[in-house]
Amino acid sequence: MTRTFTCIICPNGCEITAEYEGTDVRSIEGATCPKGQDYVRQELTDPRRNIATSIPVECGELPLVSVRLDRPIPKKDIFTVMDAINKLHVKAPTAIGQVVLPDVCGLGANVIITKNVAAL
């Protein structure tokens with residue numbers, strides 16, 4: 001089989017074509033850096049994504065604070081993780097890097113805050 005990917009690892013956004021059978025990659029063409037080859041191999045065997053969203057803040061100068069995962073998770077688990085994140089709320093003040101949900105859904109990724117929000 002042949003499949004074309006747009007690499008999302010670096011700003012180049014290479015269009016990469018891979019020839020494969022199952023998880024056996026026969027050839028990869030179009031990657032301008034080694035990260036593209038690694039990306040394609042991972043997409044074919046274990047696709048992963050990161051999540052960035054926001055959660056409510058109580059008693060803060062802003063009503064929401066941005067959060068993200070500290071590492072990618074399997075693509076198939078995105079909706080389960082979002083269900084867990086959607087139940088979160090924090091009390092101000094918040095700090096960048098603060099863990100608000102460790103080891104979300106047992107996947108080894110933490111939900112962390114990405115913005116400082118002062119208390120009122």
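## Close-up views of a predicted model

**View 1. Here is the largest nonpolar core.** Of the 19 residues in the largest nonpolar core, five touch the most other members: Ile55, Leu69, Ile85, Val100 and Val111. At least two residues of this core come from each of strand S5 (52-58), strand S6 (64-69), helix H2 (78-85) and strand S10 (111-113). Keep in mind that this is a predicted model, not an experimental one.

**View 2. Now let's zoom in on Val111 and its contacts.** Which residues does Val111 touch, not counting residues up to four places away in sequence? The list is Val67, Arg68, Leu69, Ile85, Leu88, Gln98, Val99, Val100, Leu101 and Val104. Three of these, Leu69, Ile85 and Val100, also appear with Val111 among the core residues that touch the most other members.

**View 3. This one shows a second core.** A separate core of 11 residues sits apart from the one above, and its members include Phe5, Tyr20, Val25 and Tyr39.

**View 4. Follow the side chains along S6.** In a regular strand, side chains alternate between the two faces of the sheet. S6 shows this nicely: Val65, Val67 and Leu69 point to one face and are buried. Leu64, Ser66 and Arg68 point to the other face and are not buried.

**View 5. Here S5 and S6 form a hairpin.** The two strands run antiparallel, and 5 bridges join them. Want to find your place along the pair? Look for Ile55, which stands opposite Val65 in S6, and for Ala52, whose bridge partner in S6 is Arg68. Between the strands lie 5 residues, and in this hairpin Cys59 takes a positive phi near 60°.

**View 6. On to the pairing of S6 with S10.** Strands of a sheet pair through backbone hydrogen bonds, either parallel or antiparallel. S6 and S10 go for the antiparallel sense, over 3 bridges. Arg68 is a handy landmark here, standing opposite Ile112 in S10.

**View 7. Step back to take in the sheet.** In what order do the strands of this open sheet of 5 strands come? The order is S8-S5-S6-S10-S9, and the pairing is mixed. Strand S8 (90-91) and strand S9 (99-101) stand at the edges with a single partner strand each, so one side of each has no neighbour in the sheet.

**View 8. Meet Glu19 and its surroundings.** Glu19 belongs to strand S2 (residues 15-21). Is Glu19 buried, exposed or partly exposed? Its relative accessibility is 40%, so Glu19 counts as partly exposed; the partly exposed range runs between 20% and 50%. Leaving aside neighbours within four places in sequence, Glu19 is in contact with Met1, Thr2, Asp24, Val25, Arg26 and Ser27. One of these contacts, Val25, is also a member of the second core. Pro47 is 28 residues away from Glu19 along the chain, and their C-alpha atoms are separated by 17 Å.

**View 9. Finally, the whole chain for orientation.** The protein chain has 2 helices and 10 strands, and along the sequence they follow the pattern β-β-β-α-β-β-β-β-α-β-β-β. Its C-alpha atoms fill a box of roughly 55 × 30 × 15 Å, taken along the principal axes. The chain has a radius of gyration of 18 Å, whereas a compact globule of 120 residues would have one near 14 Å. Of the 120 residues, 33% count as buried.

Note on methods: Residues numbered from 1 in each chain as written. Predicted model: local features only at pLDDT ≥ 70, side-chain atom pairs only at ≥ 80, totals over all residues. Heavy atoms only, no water. Core = buried A, V, L, I, M, F, W, Y, C linked by side-chain atoms within 4.5 Å. Buried < 20%, exposed > 50% of the residue type's maximum accessible area, 1.4 Å probe, protein only. Helix = DSSP H or I, 4+ residues; strand = E, 2+ residues; numbered from the N terminus. Contact = heavy atoms within 4.5 Å. Pairing = 2+ DSSP bridges. Rg over C-alpha atoms; globule rule 2.2 N^0.38 Å.
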